[in-house]
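User: I am new to this structure and would like to learn how to read its interfaces. Please take me through them step by step.

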Amino acid sequence: FERTDKGNVIVFGGRQAIPVLDPHIRYDWSTRMIQQSVYDALLKYEGDPAELKPWLAETWETSADGKTWTFHLTKDAKFHNGDPVTAEAVRYSFERGLKLNKGVAWMLKDFLAPEGISVVDDHTVKFDLKAPYAPFLSFLPWWYIVNPAEVKAHEVDGDYGQKWLTDHAAGSGPFKLGRWEPNVLYEIEAVDNYWKGWPQGEKNRPAGVIFKIIREPAAQKAALQRGEADIVEGLTPDDYIQIKRVPGIVIQDHKGMTTFGIKFNTQKGPTADINLRKAIAYALDYDALIQVYNGAATLETSPLPDAMKGYTPVLDMPRKDLAKAKEYLAKSAYPNGGLTLPYVHVAGLEEARRIGLVLLDNLKALNINVEIKPEQWPNMVANGSKVETSPAMTSVFTTPISTDPDAVAYQYHKNSWGQYYAMMFYDNPKVSEMIDQARAATSWDDRAKLYAEIQKQIVADQPEVFGMLQNRRWAHRDYLQGFQFSPVRFTGEVDLYPMWIKAE
Amino acid sequence: MTTPMTSEAELSRPLSFRERHESQIRQWRLYAHMFRKSFSSMLGLGLVVVFLALAAFGPWLMPYPEAAGGAIDMANKLMPPGGAHWFGTDEMGADIFSRVIMGARTSLWIGLIITGIAALIGVPLGIVAGYRGGWPRAVIMRVTELFLAVPGLALALAIVAALGPGITNCVLALSLVWWPGYVRLVEAKALSVKEELFVESARSIGAKTPWILWHHILPNCLSPIIVKMSMDMGMAILSAASLGFIGLGAQPPAPEWGAMISVARTYMPDWWWYSLFPGAAIFLTVLGFNLLGDGLRDILDPRSRDR
Amino acid sequence: MTGPLLDITNYRLDIGTFDGPVHVLKGINLSVNRGDTLGIVGESGSGKTVLVRSVLGIGPKSSRVVEGGIAFDGQDITSLPEKDWRKIRGIRISMIFQDPMTYLNPLFSIGRQISDVIAAHEKAAGQGVSSKAARRARTEELLDQVGLPNPSRLFDQYPHQLSGGMRQRILIAMALAGKPDILIADEPTTALDVTVQAQVLDLINSLVEKLNLTVIMISHDIGAIATVAKRCAVMYKGEIVEQGLTSDILREPKHEYTRRLLAAVPDIDTAVERAPAEPTRTETPKPGALLEAIGLTKVYRSQSGSELTAVNAVSLSVRTGEIFGVVGESGSGKSTLARMLLRLIEPTSGDVIFDGTNITGLDGEPLRQMRRHMQFVFQNPHSALNGRHTIGDAIGEPLRIQTAMSRGDIEARTEALLDIVQLPKLFKYRYPHELSGGQKQRVCIARAIALNPRLLILDEPTSALDISVQAQVLDFLQELRAELNLTYVFISHNLAVIRQICDRTIVMKRGDIVEEGETEQIFLSPRHEYTRTLIESGRKTSRAASLQG
Amino acid sequence: MLTFAFRKLLTLVGTMLGIAALTFFITNVAPGDPARLVAGPNATEDMVATIRTEYGLDKSLPEQFVVYMGDLVRGDLGQSIVTTRPVMEELLRYAPATLELVFVAMALGIVVGVPMGMLSAVYKDGPLDHATRIFSISGVALPAFWFGIVLQLMFSVDLGWLPVSGRLPLVTRPPETVTGLLLVDSLLAGRLDTFWTSFRHIILPAIVLSFPCLASILRVNRAEMIEVLQSDYIVAARAHGIASFRIVALYALKNAMLPTLAMIGLRFGWMLGSTVLVETVFDWPGIGLYAVSSALSSDFKPVVGVTLMIGFFFIVANTLVDLAYAWIDPRLRNA
Ligand SMILES: Nc1ncnc2c1ncn2[C@@H]1O[C@H](COP(=O)(O)OP(=O)(O)OP(=O)(O)O)[C@@H](O)[C@H]1O
Ligand SMILES: Nc1ncnc2c1ncn2[C@@H]1O[C@H](COP(=O)(O)OP(=O)(O)OP(=O)(O)O)[C@@H](O)[C@H]1O
Ligand SMILES: [Mg+2]
Ligand SMILES: [Mg+2]
């Protein structure tokens with residue numbers, strides 16, 4: 001950390017830059033980490049398992065038909081420039097998000113029109129949904145509230161202030177922007193008298209945080225060892241083992257929600273044959289997947305991650321069983337193997353590549369050849385958006401955006417075709433129907449039953465090899481306190497708000 | 001220079017091979033002599049021969065042939081160099097020694113194809129531009145300058161980024177950016193050779209342009225081309241490895257040194273052997289080809305011949 | 001001060017090469033007294049340059065003194081340390097070089113180069129370096145001394161802005177900067193034009209008189225030696241085969257080589273007994289002349305747009321069987337004309353008529369066919385042969401291009417041609433760099449006659465060759481003509497050669513024909529002023545002149 | 001002079017347009033879909049379409065090209081789809097870092113390469129010469145990326161002498177931007193400590209970047225020196241008694257500098273290209289890093305922009321070399 005006259009500044013070493021900070025345009029782990037720090041939302045996820053906590057909204061209620069939601073805002077909240085956070089600011093922010101139709105818009109746009117948001121009074125805002133939408137609440141923590149006055153002041157040609165908000169902020173969060181050197185470092189400074197106070201105490205709170213871009217894992221590790229960075233993310237599994245032995249360094253190791261699947265193209269090519277898919281699923285050495293992470297992962301026992309609501313383990317999840325694999329292969333169109341299947345992964349994703357190697361090794365037993373093909377992410381997504389170009393096997397990591405089971409289940413809905421996580425082009429009308437029902441159901445018990453059935457059916461159809469849930473890991477100095485894990489955040493993403501330096 | 005005079009009587013009998021090729025033999029002996037004199041040239045030749053041998057006999061030299069194809073052995077991962085694994089093992093437990101040996105083949109192929117394609121495109125264009133002059137020259141040289149104005153690596157990066165990573169695209173991209181160097185070299189050379197009297201002499205006896213290009217211009221451009229190709233072998237290998245390092249070149253499990261380093265760099269201080277050996281292999285190969293090229297230039301380039 | 005100034009005793013020098021040492025100097029004995037003017041003649045490669053460079057300690061790198069030594073002013077300088085050389089080089093012994101084009105640093109001004117030399121001398125002498133202005137004054141004085149006009153302007157000029165003659169004078173000025181005891185001149189005039197040659201020789205002569213210089217001058221041109229040197233040494237294959245007073249040697253050469261050398265020098269003032277006129281020879285050019293040029297003009301355009309008329313409306317006519325001479329100083333457009341006659345370059349305007357056909361408009365195949373009948377022999381045999389082809393390939397090339405002969409036939413014909421040009425058959429397998437200049441020129445001729453042409457255009461075929469070799473080639477050319485019934489267009493800047501072999505001659509100056517007619521006629525009664533000066537300068541260095549002097 | 005400048009300008013513009021066309025088409029054969037990338041993982045089809053329209057990606061390739069070239073003529077390099085900023089603006093932000101690095105590396109290459117080449121030529125075929133030759137060729141043969149990491153580990157991690165990466169320590173606020181070159185700006189602002197720290201940051205990347213270039217400068221200079229030292233005018237200078245040192249360091253060097261300068265011009269462009277590697281290793285926030293990260297996200301306008309910028313600097317550098325040529329060589333001066 002760095003000492004300044006205002007106090008200690010925490011240094012976070014990360015690999016990913018923040019090109020656009022605007023909360024309604026982009027989100028990824030690094031961007032959202034800073035958004036979360038400079039903006040507030042109506043609600044906030046906290047804890048493990050993640051829970052929705054009131055934030056700008058102190059209380060809320062929903063109508064019996066599940067279509068109307070009313071939120072009562074706190075009266076303390078102030079934007080950084082001193083303006084109060086009003087119902088109008090909330091309305092404007094949601095309207096902005098929906099109208100821009102970027103970033104977070106997809107979460108609500110099918111159920112909420114800009115006209116459906118209304119200001120009841122200064123501190124009460126009402127949402128009228130087009131249809132009941134059970135996961136509605138679970139998305140709200142990602143909708144940050146901007147200060148309409150400031151944004152409008154910087155509007156150019158009716159762009160809703162997009163250009164300005166790219167590297168400026170108009171929020172009410174615990175931090176405000178400091179130095180902003182794209183691709184180098186991003187500094188945020190703690191706000192004096194943050195309306196919600198500081199959990200670590202005003203005395204302990206840091207003066208700010210520097211998010212420093214360090215691209216090379218080796219350099220990250222070096223920076224941590226030298227104390228130039230207080231916390232880093234994205235080290236290799238082997239690095240964590242090494243660095244654990246260094247005195248003064250603590251490893252955070254938590255079970256995450258990111259699922260890994262080898263998605264088959266179920267519509268076209270050899271993998272349209274369910275027997276081949278099953279054969280592959282039974283040939284894979286699942287233990288090796290864990291070994292790739294040096295044990296810091298757990299196998300998936302359902303399409304849903306364990307930490308998600310409605311998760312039920314599926315009993316006959318395939319595990320390595322060569323006899324069974326050969327049995328299935330015999331039933332397929334390729335009883336003796338002898339075919340080559342591509343395995344596509346995102347270029348540069350080490351673990352995906354290694355899993356490819358495991359797959360290659362394992363499928364030799366079935367006389368199936370695997371061609372490991374790394375692709376740029378945009379190309380992979382482009383290819384995966386059409387049945388014709390989607391490869392036979394693609395490795396995909398998916399992090400659900402909320403703890404609501406719909407976030408994962410909907411990936412298996414036919415409407416998701418074209419999205420990268422739906423590269424298997426899974427088509428089971430019964431499953432799609434159940435997903436729709438579960439979305440609209442207002443009672444949790446009804447939904448839970450549906451999701452249990454959905455999980456079983458998906459595993460039976462084997463549209464993908466269900467892999468593992470990797471652990472979320474960070475390495476930080478022991479004087480860094482207040483680290484709070486929440487599985488709903490992205491890999492690497494940290495809640496900077498409660499952290500502080502315990503200076504000796 | 002004195003010329004051996006032979007009596008008429010001796011000349012009437014058929015000449016032996018030795019006698020007929022005395023000049024060539026002398027020439028080669030001179031080359032060999034000059035080459036041997038230079039320590040660095042010999043070092044270069046030695047290195048190149050070693051790597052050529054590795055490429056040729058690699059499959060029989062590898063202790064763990066499966067390692068080259070991406071076999072895994074998670075129990076033995078990241079073992080330091082030792083008796084069983086001379087260069088240690090990588091993060092999947094593959095034998096690095098075997099992979100480095102296989103990498104020689106990949107790398108030499110890459111170098112050969114890139115320089116080969118580049119020369120095949122560049123040399124004819126250069127000869128035409130240098131000899132013909134006029135608008136063909138203007139067009140060819142403009143395009144060449146265009147390519148030369150952007151450093152090859154940057155352009156190759158753009159091409160591979162567009163085509164997608166992988167060894168084929170990487171080779172394609174590098175070949176596409178490599179040929180202009182040959183055009184410029186050959187053009188300059190052809191331009192000066194064209195002014196030589198023997199070209200005019202050939203024209204005066206009625207030789208057609210293709211004849212002149214093939215029999216007079218090309219052979220006289222050959223030594224700088226050979227020298228450049230030798231140097232470029234090394235540079236092409238290095239560039240391909242650089243793309244591999246950025247993550248746009250050859251991709252594992254293909255045993256390519258640059259890609260190996262790209263993975264290995266994250267294991268750098270603690271598992272030093274992982275990146276050390278492929279790095280050293282690149283270094284030594286490129287060094288070998290460059291020293292060889294340098295040595296060849298010393299003996300082939302007429303400017304330094306009369307020493 | 002009793003002994004000779006420079007004393008070379010039994011000096012033997014080897015140069016190490018790839019296949020062992022070459023004995024370049026084999027026991028040289030030579031001494032030069034103060035005030036002497038010594039000339040050294042000898043054929044190319046006889047070791048003249050190596051010898052005089054050894055005197056300055058700048059011999060070839062890999063050389064080794066086997067025996068003997070060189071003493072200068074009583075001091076042995078054979079293996080002097082670099083430090084001591086500084087007191088000698090340029091100060092007590094200085095040197096001027098063969099090619100003034102390459103011996104001046106192109107990036108520094110004339111004044112800078114000379115004053116640097118002055119400064120170096122002052123430093124070596126131990127006295128402090130004089131001021132810039134003083135050095136400039138001294139430089140200008142030197143420039144004036146060597147007869148260069150406007151020294152103060154020259155001071156700031158660069159070598160490329162000067163003509164060859166001026167550069168040679170500057171080199172002389174530089175050599176004189178240290179007021180040397182000995183001035184060594186290594187072929188100071190060979191690279192210059194005839195007229196300029198005479199001037200430079202005059203300058204050296206006047207300097208010898210004025211400054212009481214001791215001079216060693218090297219040349220393969222015995223005429224040049226005779227104008228400067230009182231004493232003369234003849235070198236042959238690394239040995240001094242003869243030395244003595246120049247006049248004695250010229251009058252009664254003792255060694256066989258010297259005799260050959262003297263015999264080879266063509267004499268400008270001797271009329272040649274020619275065989276009676278060829279049958280076709282008549283007083284006026286017939287319309288059926290073998291080659292005719294009408295109003296040939298060539299204009300070169302430089303990149304900056306300026307134009308240069310290299311050949312200006314030249315008309316001529318060459319009769320079958322004659323030797324037609326073209327003479328003129330360097331740059332007068334001789335080569336350009338010759339190339340246009342063969343259409344190796346396109347004339348800007350005018351026509352060439354060969355054997356009744358106008359070849360100006362020909363193209364493609366007809367032009368190629370035409371070329372069978374006219375052949376060219378180039379000025380410089382060293383670059384007229386492709387170094388990557390064997391001699392056999394070179395001679396066989398025209399046959400392969402122009403005829404459909406089989407490989408075997410071509411081989412046979414190649415050997416026959418080698419025979420005609422009096423070279424051993426074994427040469428087929430040799431490369432050009434293994435041949436001497438004269439041999440190469442023969443190969444070029446063999447190549448030219450391979451297709452049985454009717455006309456040969458010879459562009460200064462001997463100017464790159466030694467005088468003795470020149471004589472051989474000239475003789476051989478005349479024999480060949482008789483044998484093969486050829487017609488020659490013979491280009492030369494050497495008037496003596498022209499007089500020796502040409503039937504009719506044109507004299508060119510700056511692209512124009514200033515005079516034409518029977519060769520003898522021209523030499524006996526030149527009509528044009530230019531022709532007269534040309535003949536005068538030629539006479540100056542001729543043998544006859546030196547014998548009188 | 002004026003026509004010279006005009007001709008140069010014309011070539012510059014022509015080449016720039018050519019490069020633009022070339023790279024535009026090369027990069028656009030890609031099947032990649034950057035709009036989808038920036039739209040985010042869950043974006044719906046219409047959201048992606050919004051972005052495509054906004055960036056004109058929905059138009060046909062020739063149409064896009066016409067628009068691009070039209071903008072280019074007006075000095076507009078388009079907009080990066082990832083950062084949403086005008087490419088020109090970003091290039092101007094990142095270029096000073098790269099230029100600073102390249103300048104320092106080039107200076108290092110010249111300052112070390114030229115004298116070493118000279119020495120090597122003077123002591124040709126001696127042990128020094130062989131050592132220099134192998135050293136110089138090693139410079140070309142060492143993979144920059146690997147060498148960089150090795151240096152980092154040695155000097156930063158193990159010995160702790162130099163910083164690992166970046167241009168400045170975290171808390172050091174950069175001096176007021178005048179030229180964008182930290183070394184210059186810190187001096188202008190009178191902040192010697194900042195100068196020192198930024199100098200310490202630049203050492204390793206500059207060494208890595210300069211090494212191959214140093215090697216080729218050395219090689220060319222050596223070869224030229226050898227040739228010049230054998231030339232007639234050097235023989236003449238020796239014969240006239242000029243001191244050896246003066247001959248080598250002044251007479252010969254000036255002549256040998258001509259081809260060396262040409263090499264420096266060439267290498268300048270090459271260096272700009274290599275920043276792609278070096279900046280990645282050292283997290284140096286310049287255009288190389290910008291190019292790599294843009295290329296990896298299929299954001300091609302910045303890639304084209306960087307190529308153009310490198311081409312521009314390359315041509316400018318070579319024009320300067322031409323001028324230097326004319327300044328050194330009197331034969332070219334009046335031509
Ligand atoms: N550096 C060298 N290495 C090897 N051989 C050399 C070298 N310099 C000269 N020689 C040889 O020494 C011999 C004498 O050369 P030198 O230059 O003295 O001849 P020259 O009489 O001056 O001839 P020219 O009239 O052509 O100038 C030649 O056979 C030449 O090949
Ligand atoms: N390709 C060319 N471009 C421009 N100018 C040329 C070219 N060739 C020759 N010249 C010029 O034309 C003039 C005549 O040249 P040419 O070679 O015919 O002279 P020459 O009489 O053969 O001289 P030399 O005796 O030196 O061979 C010279 O001034 C020369 O500089
Ligand atoms: Mg000589
Ligand atoms: Mg001529």
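Analyst: We can start with buried area, which is the accessible area that two parts lose on being put together, summed over both. The model here is predicted. In it, chain A and chain D bury about 3,900 Å² between them, and carbon and sulfur atoms account for 53% of that.

User: Which residues of chain A lose the most area to chain D?

Analyst: They are Arg179(A), Arg226(A) and Pro378(A), which together make up 14% of what the chain A side buries. The contact itself joins 47 residues of chain A to 43 residues of chain D.

User: How many salt bridges are counted between chain A and chain D?

Analyst: A salt bridge needs a side-chain nitrogen of Lys or Arg within 4 Å of a carboxyl oxygen of Asp or Glu. Between chain A and chain D the count is 4. One pairs Glu54(D) with Lys102(A), where the closest N and O atoms are 2.6 Å apart. Polar contacts are counted separately: 13 residue pairs are found across this interface, with both residues at pLDDT 80 or more.

User: Which elements of chain A supply the side that touches chain D?

Analyst: Both strands and helices give two or more residues to that side, among them strand S9 (175-181), strand S10 (185-190), helix H7 (217-226) and helix H13 (377-384) of chain A. The largest share, 5 residues, comes from H13(A). Sorted by class, the side of chain A that touches chain D holds 21 nonpolar, 11 polar and 15 charged residues.

User: Now the other partner of chain D. How many residues does the contact take from chain D and from chain B?

Analyst: It takes 49 residues from chain D and 47 residues from chain B. The buried area is about 4,000 Å², and carbon and sulfur atoms give 77% of it. Of the 5 pairs of chains that touch, chains B and D have the most contacts.

User: Which three residues of chain D supply more of that area than any other three?

Analyst: Arg133(D), Phe145(D) and Trp146(D) do, with 15% of the area that chain D buries against chain B. Arg133(D) also meets Asp294(B) in a salt bridge, at 3.3 Å from N to O. The count between chain D and chain B is 1 salt bridge. Polar contacts across this interface come to 2 residue pairs, again with both residues at pLDDT 80 or more.

User: Which elements of chain D make up the side that touches chain B?

Analyst: The elements giving two or more residues are helix H1 (2-28), helix H6 (127-141), helix H7 (144-158), helix H9 (192-229), helix H11 (244-282), helix H12 (287-296) and helix H13 (300-328) of chain D. H11(D) provides the largest share, 8 residues. By class, this side of chain D divides into 31 nonpolar, 12 polar and 6 charged residues.

User: Where do chain A and chain C stand relative to each other?

Analyst: Chain A and chain C do not touch, and their nearest C-alpha atoms are 48 Å apart.

User: Can the same reading be used inside one chain?

Analyst: Yes, with domains in place of chains. Chain C is divided into domain 1 (6-263) and domain 2 (289-547). Their contact takes 17 residues from domain 1 of chain C and 13 residues from domain 2 of chain C. The C-alpha centres of the two domains lie 35 Å apart. Together the domains bury about 1,500 Å², 60% of it on carbon and sulfur atoms. On the domain 1 side, Asp193(C), Val194(C) and Thr195(C) lose the most area, together 28% of what that side buries.

User: How many salt bridges and polar contacts are found between the two domains?

Analyst: The count is 0 salt bridges. For polar contacts, 0 residue pairs are found with both residues at pLDDT 80 or more. Helix H7 (194-211), helix H8 (222-228) and helix H9 (246-251) of chain C each supply at least two residues of the domain 1 side. H7(C) gives the largest share, 5 residues. The residues of this side divide into 7 nonpolar, 5 polar and 5 charged.

User: What confidence does the predictor give?

Analyst: For the complex, the ipTM is 0.81 and the pTM is 0.84. Chain D averages a pLDDT of 84, and 98% of its residues score at least 70. Among the elements of chain D, helix H5 (residues 87-122) has the highest mean pLDDT, 91, and helix H14 (residues 330-333) the lowest, 76.

Terms used: Residues numbered from 1 in each chain as written. Chains lettered and ligands numbered in written order. Heavy atoms only, no water. pLDDT = per-residue confidence, 0-100. Helix = DSSP H or I, 4+ residues; strand = E, 2+ residues; numbered from the N terminus. Domains from an automatic or database assignment. Contact = heavy atoms within 4.5 Å. Buried area = accessible area lost by both parts, 1.4 Å probe. Polar contact = N/O pair within 3.5 Å; in protein donor to acceptor, adjacent residues only side chain to side chain. Nonpolar A, V, L, I, M, F, W, Y, C, P; charged D, E, K, R; others polar.
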